[in-house]
Amino acid sequence: MVTEEMIEVKDISKLYGEQRALDHVSLTVQPGEIVGLLGPNGAGKSTLMKILTCFIPPTEGEATVCGHSIFDDTLAVRRCIGYLPEHNPLYLDMYVREYLRFAAGLGGVKEVKRRVDEMVELTGLTPEADKRIGQLSKGYRQRVGLAQALIHDPQVLILDEPTTGLDPNQLEFIRSVIRNVGKDKTVLLSTHIMQEVEAMCSRAVIINEGRIVADESMTGLNAKKLTEQFHKLTLS
Ligand code: ATP
């Protein structure tokens, strides 16, 4: 199926029991966009990302990624997505290169050694690449998570709060990697940092109580204006 949209979310709702986490959400992301997904804690950001990456199904609605349905073609969806989940689950006993080789195997990468070397270089992991993941600082673990997400050269990156808890140096480094890879990928990332959206994103989407309440180009918008808008739309 040929499609222009990299991500298309059509009228998705998600209920956890009685709790409505997403309420008729529709969203289209075009190739090359870097979209910042903002919203208060519990707004539904991670839920939307888990649905797009086929970890959980929506209660209602439909979505496609790179033209593949999240219901009918989950393998194809997963192949075209690189996903860094919120709490960056890693195998702490594995060595960095060992883990990346494992991730490359899962992603169907052909030249595994070359690709692992490239990812180690790209994410600045070289000085730590021979350690166990459990020995790494949070910043370097986050780099491993990003390398894992990129290893199969996906067209779409979905990053759930990729810079949370990082020191300013690590934060700037991760941002620069995302900005660089975002030149030829489509990126959907969630964050609570408005400066991050200003620094990286071409578009900001604000979600509140499971509904999209703003969807704006970042042209002419800065962190200050975005913060004002965020407060106006999400403080009840
Ligand atoms: P945060 O910014 O805190 O990460 P979020 O915007 O990512 O929040 P979600 O994690 O998607 O929000 O949660 C949306 C709502 O769904 C919240 O009220 C949350 O408590 C609820 N929720 C999420 N996962 C589950 C689950 N597995 N079972 C029940 N309720 C859940």
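## The ligand shell in a predicted model

Helix α1 supplies the largest share of the shell around the ligand, 3 residues; helices (H or I, at least four residues) and strands (E, at least two) are DSSP runs, numbered from the N terminus. This is a predicted model, in which local features need pLDDT of at least 70 and side-chain atom pairs count only at pLDDT 80 or more, while totals for chains, interfaces and linings use all residues. Residues are numbered from 1 along each chain as its sequence is written, and side-chain values use heavy atoms, with hydrogens and water left out.

Around the ligand there are 14 residues, of which Gly42, Gly44, Lys45, Ser46 and Thr47 come nearest (a residue is near if one of its heavy atoms lies within 4 Å). By class, the shell holds 4 nonpolar, 7 polar and 3 charged residues; Gly counts as polar, and Asp, Glu, Lys and Arg as charged.

Polar contacts (pairs of N or O atoms within 3.5 Å) to oxygen atoms of the ligand are listed below.

| Residue | Partner atom | Distance |
|---|---|---|
| Asn41 | side-chain N or O | 3.0 Å |
| Gly44 | polar backbone atom | 2.9 Å |
| Glu161 | side-chain N or O | 3.5 Å |

Taken alone, the ligand exposes 640 Å², and the protein buries 65% of that (Shrake-Rupley method, 1.4 Å probe). Two or more residues of the shell come from each of β2 (19-29) and α1 (45-52).

Elsewhere, Leu189 belongs to strand β8 (residues 186-190). Leu189 is buried, its relative accessible area being 0% (buried means under 20%). The C-alpha atoms of Leu189 and Asp160 are separated by 5.7 Å, although these residues are 29 apart along the chain.

Notes
Polar contact = N/O pair within 3.5 Å; in protein donor to acceptor, adjacent residues only side chain to side chain. Buried < 20%, exposed > 50% of the residue type's maximum accessible area, 1.4 Å probe, protein only.
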